[in-house]
Amino acid sequence: MSTEAPTRTALALVPTADAPQSAKDFKTDQEVRWCPGCGDYAVLAAVQGFMPELGLAKENIVFVSGIGCSSRFPYYMNTYGMHSIHGRAPAIATGLAAARRDLSVWVVTGDGDALSIGGNHLIHALRRNVNLKILLFNNRIYGLTKGQYSPTSETGKITKSTPMGSLDHPFNPISLALGAEASFVARTVDSDRKHLTSVLRAAAEHHGSALVEIYQNCNIFNDGAFEVLKDKQQAQEAVIRLEHGEPIRFGAPAEDGLGHKAVIRDQASGQLRVVDVAEHGTDGVLVHDAHSPDPSLAFALSRLADPQTLHQTPIGVLRSVARPVYEELMAQQLESSVEKQGKGDLSALITGRDTWTVAG
């Protein structure tokens, strides 16, 4: 792989695969080592199955991970990859994406890795709009270190590190990403292969930072954490499936075939609330607009989910907007500098006026 930064025109010349690929082409010879029943297996299978759709040569795809159960991911993807430093995957991936704009760069991280020690790296990658696809596996627990509470664990969570219950208020990763002005934000569930793949597809097509929160079950230390979203009967009343341009309705079908519950904006408070269509009617039912330049509605939707019970949890693409991409802006700036000043002189920079000699 060349270390020379491609020119702006190289973006249109990303190498494609010479022949059709399948999921098998993206599997390595490494033994997959997660606990039996872990949700990571489902996500890995979905990603491996989706990769051929990119049409890219494997050599032009990179997976960068931090530390945690999810961070084993690069070992199992037959692409380039790096198992990097705790919390620093977005920073390392940023450097790679900036230097090699011909690559498709993916970050795999967990709720502890991304939102605790790696919190700053995550929000700054998002606000800069680096062309990264960030998969945030959220199991609401520290799995690799054997069951301590994490930044997304619900208040009162009893774990090995909080035997009397956690006092912390949990992070909402979607709200956090939207607050950082991320240009693409979505949520999906590990066991819903169809939905997971559709969200991955949308993230891959997005030009800029894309954060996908994946609710992922840890069957050893936090089993059943998302059961309300997976059980067919319960999920009907708990999950809000977002589709751009469609009314935000969910629940068991009403007479018109749509869900009997709907999301409206309360005129007095301006906040979103859920109503029963039979009692309220369809007036004022919100239509989802993932492409709105104002993230206010997406943020309000992200606040609907109850952090304790997960009832009224929106899944799907909450936001997808076009915004200048960091590495393209950087390339433009460098090109402009060369045009105006010519190539820089490293020796002159090192021995310039900002250096001095200390007498010994």
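Here is a quick tour of two strand regions and some salt bridges in this predicted model.

**Strand 5 and its neighbours**

Let's start with strand 5, which covers residues 184-189 and is mostly covered, with six of its six residues buried. Both of its faces are covered: Phe184, Ala186 and Thr188 sit on one side, Val185, Arg187 and Val189 on the other, and all are buried.

What does strand 5 pair with? One partner is strand 6 (residues 210-215), which runs parallel to strand 5 and is joined to it by six bridges. If you want a spot to look at, take Ala186, whose bridge partner in strand 6 is Val212. Add helix 7 (residues 193-205) to these two strands and you have a right-handed β-α-β unit.

Strand 5 also pairs with strand 11 (residues 313-320), this time antiparallel and over four bridges. Here Arg187 stands opposite Gly316 of strand 11.

**The 8-9-10 sheet**

Now for an open sheet of three strands, ordered 8-9-10 and paired antiparallel. Strand 8 (249-253) and strand 10 (272-276) are at the edges; each has a single partner strand, so one side of each lacks a neighbour in the sheet. On average, neighbouring strands of this sheet are turned by 25° against each other, direction ignored. Between strand 9 (residues 259-265) and strand 10 there are five bridges, in the antiparallel sense. Val263 has Val274 in strand 10 as its bridge partner.

**Salt bridges**

The structure holds twelve salt bridges. As a general point, side chains of opposite charge can pair when their charged atoms come close. Among the twelve are these:

| Pair | Closest N to O distance |
|---|---|
| Glu31 and Arg33 | 3.5 Å |
| Arg100 and Asp102 | 2.7 Å |
| Asp190 and Lys230 | 2.7 Å |

Are the partners buried or exposed? Glu31 and Arg33 are both exposed, while Arg100 and Asp102 are both buried.

Then there is the salt bridge between Asp190 and Lys230. This pair links distant parts of the chain, 40 residues apart: Asp190 lies in the loop between strand 5 and helix 7, and Lys230 belongs to helix 8 (residues 227-230). Asp190 has 4% relative accessibility, so it counts as buried. Lys230 comes out at 27% and therefore counts as partly exposed. Elsewhere, Arg140, Glu154 and Lys157 are joined into one network by salt bridges that share partners.

Methods:
Residues are numbered from 1 along each chain as its sequence is written. This is a predicted model: local features need pLDDT of at least 70, side-chain atom pairs count only at pLDDT 80 or more; totals for chains, interfaces and linings use all residues. Side-chain values use heavy atoms; hydrogens and water are left out. Buried means under 20% relative accessible area, exposed over 50%, partly exposed in between (1.4 Å probe, protein chains only). Two strands pair if DSSP finds at least two bridges between them. A crossover is right-handed if, with the strands pointing away from the viewer, the path from the first strand over the helix to the second runs clockwise. Axes are lines fitted to C-alpha atoms, for helices over the stretch in contact, and angles run from 0 to 180 degrees between N-to-C directions. A salt bridge is a side-chain nitrogen of Lys or Arg within 4 Å of a carboxyl oxygen of Asp or Glu.
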